[in-house]
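Reader: Hi! I am new to protein structures, and I would like a close look at one part of this one. Could you walk me through a strand residue and then its surroundings?

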Amino acid sequence: MTPFEFLQDWYASACDGDWEHSYGIRIETTDNPGWMLVVDLEGTPLRGRCYEKEDAAVDGSWMSARSDGKEFIAACDPHSLDSAINSFVEFAG
């Protein structure tokens, strides 16, 4: 299963007829430039799980991820969205 497929399956499993009306997953661009992935954890088995990871910048590539137990947030350079999604896979696993 690819990281993107995992994210899709995780989202589908969180949808219970109620959760998806208040929470969800957002993938946005940033102005530095880069990507931001935000996954709401409230109402899921991952609620309360904390996490922090930062990959060093190498040749312009960078990625960082964290969770305060309410949200999982990953940010990365324009070519590392797959790394950001994979960091959620690691976090959720």
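Author: Happy to help; we begin with one serine and then visit other parts of the chain.

A word on the source: this is a predicted model, in which local features need pLDDT of at least 70 and side-chain atom pairs count only at pLDDT 80 or more, while totals for chains, interfaces and linings use all residues. Residues are numbered from 1 along each chain as its sequence is written, and side-chain values use heavy atoms, with hydrogens and water left out.

Our serine is S67, and it sits in strand β4, residues 61-68. Helices (H or I, at least four residues) and strands (E, at least two) are DSSP runs, numbered from the N terminus. Is S67 buried or exposed? S67 has a relative accessible area of 7%, so it is buried. The cut-offs are these: buried means under 20% relative accessible area, exposed over 50%, and partly exposed in between, using a 1.4 Å probe and protein chains only.

What does the side chain of S67 reach? One partner is the backbone oxygen of R49, at 2.8 Å, and another is the backbone oxygen of E71, at 3.2 Å. Such a polar contact is a pair of N or O atoms within 3.5 Å; within protein, one must be able to donate a hydrogen and the other to accept it, and residues adjacent in sequence count only if both atoms are side-chain atoms. Setting aside residues up to four places away in sequence, S67 touches L41, R49, C50, Y51, F72 and F91. Contact here means heavy atoms within 4.5 Å.

F91 takes us to helix α3, where the buried residues are A84, I85, S87, F88, F91 and A92. Seen down the axis of α3, these buried residues fall within an arc of 150°, so they line one face of the helix. The arc is that of the directions from the helix axis to the C-beta atoms. Helix α3 covers residues 81-92, and at 1.5 Å a residue its 12 residues should span 16 Å; the end C-alpha atoms are 17 Å apart, which agrees. That expected span is 1.5 Å times one less than the number of residues.

F88 of this helix leads on to V39, since V39 is in contact with L7, W10, G24, I25, K70, E71, F72 and F88, leaving aside neighbours within four places in sequence. V39 lies in strand β2 and is buried, with a relative accessible area of 0%. Strand β2 (residues 34-40) runs antiparallel to strand β1 (residues 25-30), and six bridges join them. Two strands pair if DSSP finds at least two bridges between them. A hairpin through three residues joins β1 to β2, and E28 has M36 in β2 as its bridge partner.

M36 also brings us to A75, in strand β5, residues 71-76. The C-alpha atoms of A75 and M36 are separated by 4.4 Å, although the two residues are 39 residues apart along the chain. A75 counts as buried at 17% relative accessibility, and among the residues it touches are W35, M36 and W62.

Lastly, the cysteines. C76 is buried, with a relative accessible area of 0%, whereas C15 counts as partly exposed at 24%. How many disulfides does a search of the whole structure find? It finds zero, a disulfide being a pair of cysteine sulfur atoms within 2.5 Å.
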